[in-house]
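Student: I would like to work through this model step by step. Where should we begin?
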Amino acid sequence: MAEHFETFGKWLGGHSGYKKASLTIHRYLPFFKDIESRWQSIPEYSSLLTAYDVSHLRRQLLPMKWMVESDLIQIDLSLKAEATEKRLIHNILDSLSEGKVKKVLLEYHDILNQSYNQSAISLRSVRLALQPAKQLLSEANRHNRIIPNQSDILSLLHRVPGQRNALSKFVGFLNEAFGQNLRLPSPTKRASIARRKRLKEELILLLAEHNDSLKYKKRLLGVALAYFHDLPLIIGQTHLHIVKSDPSGGLAFQFKGHNYWLPEDIRNRLFASL
């Protein structure tokens with residue numbers, strides 16, 4: 001590790017200039033010493049990610065850049081994305097203080113986790129389901145309620161109408177687990193616009209991703225069908241029946257006897273593996 005640190009120092013001088021490097025290199029010594037105490041040498045990226053998480057490694061930008069350029073590690077983008085989602089999920093769970101309200105959220109998280117472990121949903125889907133659940137529980141808690149009631153749902157959706165669909169699974173959980181009779185109001189025009197905007201943003205992010213996993217393809221298909229044809233997101237998780245490649249360059253997707261067209265960008269990500 002001493003040799004690694006010396007090599008990093010020379011690299012830092014070439015990268016930032018030797019005067020600046022001599023003034024700043026001490027900042028990175030604790031990181032190198034901690035790596036040495038844990039592994040004696042530089043481990044695989046997955047081990048670094050487990051020990052430090054993405055946010056900590058981001059603060060070690062230059063040592064990480066040096067490790068990559070020196071072929072000491074290879075960054076796995078899918079592992080990095082997964083670690084980021086886990087951190088965000090932890091932050092959501094940690095945002096509620098210990099007590100009965102948090103226990104409800106943890107029970108819901110356990111159910112979502114079961115679906116994730118069965119590859120039915122992604123970690124991103126877990127996070128996107130937990131966030132509005134936490135908001136609804138917080139809304140109820142403001143009125144000294146553990147379990148939300150109908151007025152809490154209406155109050156939350158008045159502020160954030162775009163969360164209606166994301167709340168549906170949690171409302172179903174509350175009804176089943178606590179004997180409630182809660183229901184979601186019919187979507188308003190404002191909610192539909194907010195949902196479409198959110199779907200568009202997610203579709204852009206998904207298309208920018210370089211991911212070949214089945215989870216990714218299911219999510220992309222679901223978001224694309226929801227955005228272009230207002231179909232439920234869950235369809236992407238359960239139906240992968242490609243009818244044919246469309247002459248236009250897109251693809252035709254069949255669901256309940258109807259064909260739905262999707263554009264070429266979606267086809268290019270899905271068609272090869274489906």
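Tutor: Begin with a definition: buried means under 20% relative accessible area, exposed means over 50%, and partly exposed lies in between. Keep in mind that this is a predicted model.

Student: Is K86 buried, exposed or partly exposed?
Tutor: The relative accessible area of K86 is 46%. The limits are 20% and 50%. K86 falls between them, so the class is partly exposed.

Student: Which residue does K86 meet in a salt bridge?
Tutor: The two residues sit four apart in helix α6, so about one helical turn separates them. Their side chains meet at 3.6 Å, N to O. The partner is partly exposed, at 29% relative accessibility. The partner of K86 is E82.

Student: How far apart are the end C-alpha atoms of α6?
Tutor: Helix α6 has 18 residues. At 1.5 Å a residue they should span 26 Å. The model agrees with that expectation, with the ends apart by 25 Å.

Student: Which residues of α6 are buried, and what covers them?
Tutor: The buried residues of α6 are A83, T84, E85, I89, I92 and L93. Their cover includes α4 (45–59), α7 and α8.

Student: Which element gives the largest share of the largest nonpolar core?
Tutor: That core has 28 residues, and L105, Y108, L130 and F170 have the most contacts inside it. Two or more residues come from each of α6 (77–94), α7 (100–117), α8 (123–142), α9 (150–159) and α10 (164–178). The largest share is seven residues, and it comes from α8.

Student: Which residues does F170 touch, leaving out those up to four places away in sequence?
Tutor: F170 is among the residues with the most contacts inside the largest core. Contact here means heavy atoms within 4.5 Å. With sequence neighbours up to four places away left out, F170 touches V104, Y108, A133, L136 and L137.

Student: How many residues does the second core have?
Tutor: This core is separate from the one around F170. Its members include F31, L48, Y52 and I73. The count is 23 residues.

Student: Where does Q60 lie, and which residues does Q60 touch?
Tutor: Q60 lies in the loop between α4 and α5 (61–69). At 11% relative accessibility, Q60 counts as buried. Residues up to four places away in sequence aside, Q60 touches Y28 and F31.

Student: Why does E202 count as buried, and which residue makes a polar contact with its side chain?
Tutor: E202 is in helix α11 (residues 189–208). Its relative accessible area is 7%, so E202 is buried. Beyond four places in sequence, E202 touches R124, L128, R219 and V223. One of these joins its side chain in a polar contact of 2.8 Å: R219.

Student: Is K102 buried or exposed, and which residues share its salt-bridge network?
Tutor: K102 has 7% relative accessibility, so K102 counts as buried. Its side chain meets that of D94 in a salt bridge of 3.9 Å, N to O. The network links K102 with D94 and E98.

Student: What is the N to O distance between K10 and E6?
Tutor: These two are four residues apart in helix α1 (residues 2–16), so about one helical turn lies between them. K10 counts as exposed at 52%, while E6 counts as partly exposed at 49%. Their salt bridge has an N to O distance of 3.8 Å.

Student: How many salt bridges are found in the whole structure?
Tutor: Side chains of opposite charge can pair when their charged atoms come close. K10 and E6 form one such bridge. E82 and K86 form another. A search of the whole structure finds eleven.

Student: What is the phi of D71, and what is that of N144?
Tutor: Most residues other than glycine have a negative phi. D71, in the loop between α5 and α6, is exposed at 69%. N144, in the loop between α8 and α9, is exposed at 73%. Both have positive values: D71 is near 60°, and N144 is at about 60°.

Student: Which element has the lowest mean pLDDT?
Tutor: The chain averages a pLDDT of 84, and 92% of the residues score at least 70. Helix α3 (residues 29–39) has the highest mean, 94. Where pLDDT is low, the predicted coordinates should not be read in detail. The lowest mean, 53, belongs to strand β1 (residues 242–245).

Terms used
Residues are numbered from 1 along each chain as its sequence is written. This is a predicted model: local features need pLDDT of at least 70, side-chain atom pairs count only at pLDDT 80 or more; totals for chains, interfaces and linings use all residues. Side-chain values use heavy atoms; hydrogens and water are left out. A nonpolar core is a set of buried Ala, Val, Leu, Ile, Met, Phe, Trp, Tyr and Cys residues joined through side-chain atoms within 4.5 Å. Buried means under 20% relative accessible area, exposed over 50%, partly exposed in between (1.4 Å probe, protein chains only). A polar contact is a pair of N or O atoms within 3.5 Å; within protein, one must be able to donate a hydrogen and the other to accept it, and residues adjacent in sequence count only if both atoms are side-chain atoms. pLDDT is the predictor's confidence in each residue, from 0 to 100. The expected span of a helix is 1.5 Å times one less than its number of residues. A salt bridge is a side-chain nitrogen of Lys or Arg within 4 Å of a carboxyl oxygen of Asp or Glu.
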